[in-house]
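Let's take a walk through this one, chain by chain and contact by contact. Have the viewer open and follow along.

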Amino acid sequence: MEEDMALANMGLDLIGQARALYTHAAEIEDAGHDEDQLAYLRDERAYGNLLLVEQPNGDFAQTMVRQFLYAAFIDPYWRLLTGSADATLAAIAAKAEKESAYHLRHSAEWVIRLGDGTAESHRRARAAIARLFPYTNEMFDVPADEDVLAAEGLVPDPAALRAVWRDTVSDVLGRATLALPEGGWMQSGGRDGRHSEHLGPLLAELQFLQRSFPGATW
Amino acid sequence: MEEDMALANMGLDLIGQARALYTHAAEIEDAGHDEDQLAYLRDERAYGNLLLVEQPNGDFAQTMVRQFLYAAFIDPYWRLLTGSADATLAAIAAKAEKESAYHLRHSAEWVIRLGDGTAESHRRARAAIARLFPYTNEMFDVPADEDVLAAEGLVPDPAALRAVWRDTVSDVLGRATLALPEGGWMQSGGRDGRHSEHLGPLLAELQFLQRSFPGATW
Amino acid sequence: AEQTARFLERVDAEERIEPNDFMPAAYRRTLARQISQHAHSEIIGMQPEGNWITRAPSLRRKAALLAKVQDECGHGLYLYAAAETLGIAREEFVEQLLSGRAKYSSIFNYPTMTWADIGAIGWLVDGAAIMNQIPLCRCSYGPYARAMIRVCKEESFHQRQGYEIMMTLARGSAEQKAMAQDALNRWWWPSLMMFGPPDGQSTHSDMSTRWKIKRFSNDDLRRKFVDATVPQATYLGLTLPDPDLRFDPETGHWAHGAIDWEEFRNVIAGNGPCNADRLARRRETHESGAWVREAAAAHAARQKARRAA
Amino acid sequence: AEQTARFLERVDAEERIEPNDFMPAAYRRTLARQISQHAHSEIIGMQPEGNWITRAPSLRRKAALLAKVQDECGHGLYLYAAAETLGIAREEFVEQLLSGRAKYSSIFNYPTMTWADIGAIGWLVDGAAIMNQIPLCRCSYGPYARAMIRVCKEESFHQRQGYEIMMTLARGSAEQKAMAQDALNRWWWPSLMMFGPPDGQSTHSDMSTRWKIKRFSNDDLRRKFVDATVPQATYLGLTLPDPDLRFDPETGHWAHGAIDWEEFRNVIAGNGPCNADRLARRRETHESGAWVREAAAAHAARQKARRAA
């Protein structure tokens with residue numbers, strides 16, 4: 001139950017980060033949209049999320065490994081983003097970085113506990129890493145059009161984080177007595193809206209009420 | 001895989017029956033609705049289905065026990081309905097009765113196999129019966145307003161089927177070395193749209209596309 | 001006997017009884033039962049609301065609902081901690097819940113069918129819970145009283161949130177208003193039942209009152225709740241589903257119609273719409289976490305051994 | 001050697017080889033591999049389409065899709081039965097699939113992201129499958145040829161259904177038309193890859209042709225498919241995602257741009273978007289059915305013992 005609380009905390013932080021970013025995006029777009037328009041009324045192909053984060057919860061090992069692999073990337077990313085030329089973005093990043101530092105610490109501790117726990121937990125953690133590792137490379141690709149933003153100092157270049165991410169992951173997996181996968185094929189496509197089959201049912205639940213009662217206020 | 005085929009057959013029969021009934025209902029209502037309007041654009045509280053049939057698939061025992069408990073009721077119900085004063089309803093029933101007779105035979109065979117199989121399958125079958133039995137009494141209630149239809153000879157009185165249902169279930173469970181639950185509380189409410197929490201997510205998936213693209217033809 | 005007399009004097013003097021103080025065995029038993037049932041209610045109460053987290057209609061509502069369910073988990077944890085001060089381990093309480101021996105608030109055996117149910121739960125169920133719990137903030141047992149102070153603060157926030165959801169629906173489209181009315185119709189009577197059986201039929205009340213665990217009778221608390229809620233429903237433009245409800249100018253209170261105590265007993269006895277699902281879900285969660293708890297224990301043991309080496 | 005000569009004479013004379021007839025070991029091996037891969041493709045092919053059964057946009061489409069997925073299961077079963085006539089048990093083929101040693105058509109490692117994908121699969125994937133399979137109806141091995149006759153009949157029905165879904169979308173709202181175009185963009189190239197590597201790079205073709213298992217080269221079949229599909233796309237008002245596509249008046253055929261064989265090799269090698277998910281799902285289904293198979297066997301054994309007693 002203590003862990004339910006921690007996972008809910010992470011969920012709340014992530015929803016909060018998403019809301020701040022959506023709201024900022026809607027302001028910049030200036031087309032009268034709001035955070036809910038962007039989250040609830042776009043179709044799957046218009047979602048440009050990383051494939052990693054749409055992977056199913058699976059067992060606790062899969063959930064934790066997913067959060068760990070993501071946090072090890074996004075925490076230093078937020079840190080770089082605090083230097084953005086866009087003041088709002090920099091402020092969002094400053095808040096988010098504190099949260100993601102906790103996510104990273106917490107998920108890393110669990111990865112270590114599971115890897116260095118029982119034979120079963122080690123097996124499950126290893127399976128989770130094998131399943132999720134192919135989705136990690138996509139994090140370091142520069143999303144379409146972001147090179148322009150990067151040139152203006154608005155957003156960092158994610159490719160620059162590859163080494164620090166690898167160091168973090170390698171260190172934690174080492175302490176978890178788990179091997180860092182070497183080589184192997186890497187998936188991509190999430191940034192271009194090419195998703196796995198896991199996203200569709202999530203969106204069906206997310207958007208159901210908004211879609212059923214168009215234009216209603218909740 | 002052979003069982004996948006049989007389950008798909010049952011699913012196809014049940015969708016076919018639902019379509020025939022919805023189409024007939026829409027004709028009688030004469031408000032320009034069609035089968036999809038009735039299935040895709042009604043909210044949960046407007047669904048008057050039996051609670052039994054919205055229970056989750058669970059394991060194979062739960063799926064089969066659910067289908068068996070339902071088929072043991074609906075098969076004789078369709079048989080009575082073939083005598084309906086409404087010729088269309090009688091024709092739908094004549095076709096459906098042949099299908100449901102197969103569903104009953106097939107699901108009963110599986111209940112017997114599982115009950116009289118291994119210790120594990122017996123335990124699972126018993127758990128499925130304990131879980132689902134409280135939803136069986138509702139089948140014999142006369143749905144609101146149906147007494148008028150019954151008086152006109154349009155639909156049978158489901159209460160009249162209680163004895164034959166009990167005989168079927170008792171016989172099959174006996175051959176499956178499973179006990180027929182005696183007494184115990186009985187759930188109701190499905191006919192009045194008071195559902196369990198299992199229906200909502202099913203409707204969210206069912207209706208998602210129709211709700212997302214209002215008025216589109218598929 | 002002298003100790004017991006001294007204990008009662010302290011209770012009468014409104015002193016707080018603390019874990020290491022003397023207390024009669026029956027007082028300890030009563031408290032352990034009540035506090036752990038209360039904890040179980042918080043934990044099981046996560047389920048009906050959790051059912052709508054993925055389907056919440058906006059990001060703001062989603063975040064608020066997740067935070068609320070998290071708070072309930074937190075309440076469960078403080079309350080288990082308070083109950084543990086009576087010398088019983090949390091594992092034992094959890095085992096009582098999972099085996100079906102322990103009870104929890106019967107209200108959580110009703111399903112959440114629409115989004116309006118989330119509003120109705122916040123408004124009515126949390127509202128009734130607060131009525132029950134405010135007096136417990138002055139309960140004679142210190143750890144319980146302190147836990148309740150913290151719980152009540154959060155609950156009243158939840159109650160306002162629920163009321164605001166109902167307000168938004170009641171002022172929304174005709175469909176939304178109908179959804180709000182429908183939820184009120186379904187949750188009103190079970191909320192009144194939350195105060196327990198009518199005075200005189202309640203089995204544990206006499207000693208609890210003497211021990212200053214309980215300070216108001218079930219009917220008194222129910223009356224307070226009805227008095228507070230009727231004007232709120234009026235303000236929302238919704239109708240309470242009780243044709244016999246009327247204001248009694250003599251007493252200055254609202255009088256409600258007869259409560260279906262048969263339904264209450266049935267739900268308590270395990271026959272509510274969701275009792276089986278709630279316990280099954282709790283058991284599955286507990287069992288599927290077993291390997292994780294074992295892993296954490298194995299790792300901790302290994303760490304300790306390493307440090308010792 | 002004499003037997004082999006006689007075998008080749010029979011093949012040349014378009015006689016059907018039957019299970020009890022003599023056949024060279026390499027012929028048997030080739031057929032077992034091809035037929036079982038074909039069966040695996042049908043079974044794995046249930047997944048991308050099964051993904052949309054619960055979300056199909058009308059009851060008619062839902063029934064048709066469920067029936068289609070069921071047909072695929074049926075095809076898998078006939079084909080396993082045909083492969084078993086070669087003296088290998090179905091369990092062995094299933095084991096090859098689950099362990100990842102056996103291959104299946106790489107097209108099923110792409111995900112179905114929108115409803116239009118269901119139309120595109122029917123139109124393009126089943127269309128390509130039919131092109132591949134029609135010549136197999138005259139394959140030298142009798143059981144395979146007969147299975148293919150039945151399969152082809154159903155596939156052409158599926159193909160018409162898929163085309164009709166695309167037609168409905170292409171004539172629907174702007175959003176629906178965009179959905180159809182997007183699906184075509186994603187499925188076109190993988191469909192062309194279904195015919196296998198270009199002639200000359202194909203490893204199994206020579207002997208297969210000699211044995212009259214294979215009657216047309218990969219490139220010939222691909223050309224037929226493109227010729228048939230281009231006018232269909234034009235009729236739908238959709239654009240094939242190939243800027244180099246042009247009609248060659250000299251050959252009378254459509255010439256397509258370069259195919260990304262690197263992608264093909266990668267997907268075959270296990271690196272498609274869904275390879276891991278497809279196999280994991282198949283394994284889970286197989287494992288979760290173990291207790292059911294055991295129960296059925298135990299019951300059958302007990303029944304037999306009872307009858308014997």
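**Where the chains meet**

Across the interface of chain C and chain A, there are 13 residue pairs in polar contact, counting pairs with both residues at pLDDT 80 or more. That pLDDT filter is there because what you're looking at is a predicted model, and side-chain atom pairs count only at pLDDT 80 or more. On the chain C side, the elements that give two or more residues to the surface touching chain A are helix 4 (59–84), helix 5 (90–98), helix 7 (142–170), helix 8 (174–193) and helix 13 (290–308). Helix 4 of chain C gives the most, with 12 residues. Sorted by class, the chain C side that touches chain A splits into 21 nonpolar, 7 polar and 10 charged residues.

How many residues are in contact here? It's 38 residues of chain C against 36 residues of chain A. As a general point, the size of an interface is often given as the accessible area lost when the parts come together. For chain C and chain A, the buried area comes to about 3,300 Å², and carbon and sulfur atoms give 68% of that. If you want residues to click on, try C:Leu59, C:Gln70 and C:Trp291: they supply 23% of the area that chain C buries against chain A, more than any other three residues.

Now for the charges. The count between chain C and chain A is 2 salt bridges. C:Arg302 forms a salt bridge with A:Asp116, where the closest N and O atoms sit 2.8 Å apart.

Next, swing over to chain B and chain A. Here 10 residues of chain B are in contact with 10 residues of chain A. The two chains bury about 850 Å² between them, with 67% of it on carbon and sulfur atoms. In chain B, the residues that lose the most area to chain A are B:Ala204, B:Phe208 and B:Arg211, which together make up 53% of what that side buries. How many salt bridges does the rule find across the interface of chain B and chain A? The count is 0. There are, however, 2 residue pairs in polar contact between chain B and chain A, both residues at pLDDT 80 or more. The chain B side that touches chain A divides into 5 nonpolar, 2 polar and 3 charged residues.

Time to look inside single chains. A search of the whole structure turns up 70 salt bridges over all chains. One to find in chain A is the side-chain pair A:Asp43 and A:Arg211, at 3.0 Å from N to O. This pair links distant parts of the chain, 168 residues apart: A:Asp43 lies in the loop between helix 2 (35–40) and helix 3 (51–54), and A:Arg211 in helix 9 (residues 199–212).

Last stop, a helix pair in chain B. Helix 4 (residues 60–81) and helix 5 (residues 87–115) of chain B pack at an angle of about 145°, their axes 7 Å apart. Their crossing is left-handed. The contact of helix 4 with helix 5 of chain B has 21 nonpolar, 5 polar and 3 charged residues.

Key. Residues numbered from 1 in each chain as written. Chains lettered and ligands numbered in written order. Heavy atoms only, no water. Contact = heavy atoms within 4.5 Å. Buried area = accessible area lost by both parts, 1.4 Å probe. Salt bridge = Lys/Arg side-chain N within 4 Å of Asp/Glu carboxyl O. Polar contact = N/O pair within 3.5 Å; in protein donor to acceptor, adjacent residues only side chain to side chain. Nonpolar A, V, L, I, M, F, W, Y, C, P; charged D, E, K, R; others polar. Axes fitted to C-alpha atoms, helices over the stretch in contact; angles between N-to-C directions. Helix = DSSP H or I, 4+ residues; strand = E, 2+ residues; numbered from the N terminus. Left-handed = near helix turned anticlockwise from the far one by under 90°.
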